[in-house]
Amino acid sequence: MSHRYPPEGGLLHTPANRTATATLAALAACRAEETVVEGRAVLCTPGHDLVVRLGPFTGTIPRQEAALGIREGTVREIAILSRVGKPVACTVTGVGEEGEVLLSRRRAQELALTALMALPAGTVLPAVVTHLEGFGAFVDVGCGVTSLIGIENCSVSRIAHPDRRFVPGQAIYALLTGRDRDLGRLYLSHKELLGTWAENAAAFASGMTVAGWVRGVKPYGTFVELAPNLTGLADQTEGLAEDDRVSVYVKAIQPTRRKIKLTVLEKLPEAMQPAPFSYFITDGQLAAWDYAAPVSRPL
């Protein structure tokens, strides 16, 4: 499913997509088989039709076919306007002898959503971050079908805003935790793919000095994130605030209590962007997940 209906942009430069969009005959075959292809939206007309460059051809996505929900009025027009300059997934709905090509992004999304709804909970999906809100990150899980990763599910380490974890356009993995077929809604999480306490703690040892992020300042100490799913506690340190970048000395690791004791050495001058995620699971299914378990357990 992930290969047939990937997030938008995943098909654009593939050999299969180039072949499927190379000739009118190939596009006609795509129409007959409802094969999803990708092009790049180059223009949105005053009537909000999208003009798409598709291989050597130019196709049109009529406004009502530009996204799921446009026809029903449940999706705002920005869903169309914001596609200009970006890849769009679509099916071919018409091929004229003079090279006119009609397309439907809506139909590609219907096909992707149907496939997603058939997947069992625990399936790991490729995703691309589309935009961020204070309550979570919206991600494309196939052909522009978006779903929400709530802020509480971004990582075990608590964050004030999803922009501490993600940036729009970032390719990530997401865990399908459930779905509502009546509402056409998918439920996603992310933290389970970033490993258990033990898996993360294995990268550190007493005596190390490492960099981290301040994630909480309390009267009894300062919480410092060493990895998205791993936080240690340092003694109270003056002059620190949430999201400060600091260097810390690892005083002790206590596996039985799942605790790491730290000493803050200094505040670092630049708040560097976090390193790319180190995923412990990137495909298949996650049978069960317990942060306290030794390892994650994929099927």
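These are legends for several views of a predicted model.

**View 1. The whole chain, with 5 helices and 17 strands.** Start with the overall picture. Along its principal axes, the box filled by the C-alpha atoms comes to roughly 75 × 40 × 35 Å. The chain has 299 residues, and 46% of them count as buried. Take the contacts in the chain with a separation of 6 or more: 63% of these come from residues 24 or more positions apart.

**View 2. The outside of the chain and its charges.** About 14600 Å² of the chain is exposed, and 54% of that comes from carbon and sulfur atoms. How many positive and negative side chains are there? The count is 30 positive and 30 negative, with the centres of the two sets 5 Å apart.

**View 3. A closed barrel of 5 strands.** Follow the strands round in the order 1-2-3-5-4, and you'll find that the pairing is mixed. From one strand to the next, the twist averages 50 degrees. As a reminder, strands of a sheet pair through backbone hydrogen bonds, and they can do that either parallel or antiparallel.

**View 4. Where strand 3 meets strand 5.** Here we zoom in on one pair from the barrel. Strand 3 covers residues 57-61 and strand 5 covers residues 101-104; the two run parallel and are joined by 2 bridges. Which residue of strand 5 is the bridge partner of Thr60? That's Leu102.

**View 5. Two helices packed on the sheet.** Helix 2, made of residues 24-33, touches strand 1 (37-44), strand 2 (50-54), strand 3, strand 4 (87-95) and strand 5. Its direction makes an angle of about 95 degrees with that of strand 4. Helix 4, made of residues 105-117, packs on the sheet too, touching strand 3, strand 4 and strand 5. For helix 4, the angle with the direction of strand 4 is about 110 degrees.

**View 6. Phe204 and its surroundings.** Now for a single side chain further along the chain. Phe204 sits in a loop, with helix 5 (197-201) on one side and strand 11 (209-218) on the other. Is Phe204 buried or exposed? Phe204 counts as buried because its relative accessibility is 16%, and the cut-off for buried is under 20%. What does Phe204 contact, leaving aside neighbours within four places in sequence? Its partners are Val210, Leu226, Leu230 and Ile253. Have a look at Ile260 as well: Ile260 and Phe204 are 56 residues apart along the chain, and 9.6 Å separates their C-alpha atoms.

How values were computed:
Residues are numbered from 1 along each chain as its sequence is written. This is a predicted model: local features need pLDDT of at least 70, side-chain atom pairs count only at pLDDT 80 or more; totals for chains, interfaces and linings use all residues. Side-chain values use heavy atoms; hydrogens and water are left out. Two strands pair if DSSP finds at least two bridges between them. Helices (H or I, at least four residues) and strands (E, at least two) are DSSP runs, numbered from the N terminus. Axes are lines fitted to C-alpha atoms, for helices over the stretch in contact, and angles run from 0 to 180 degrees between N-to-C directions. Contact means heavy atoms within 4.5 Å. Buried means under 20% relative accessible area, exposed over 50%, partly exposed in between (1.4 Å probe, protein chains only). Accessible areas come from the Shrake-Rupley method with a 1.4 Å probe; for residues, only the protein chains shown count as cover. Lys and Arg count as positive and Asp and Glu as negative; His and the chain ends are not counted. The place of a charge is taken as NZ of Lys, CZ of Arg, CG of Asp or CD of Glu.
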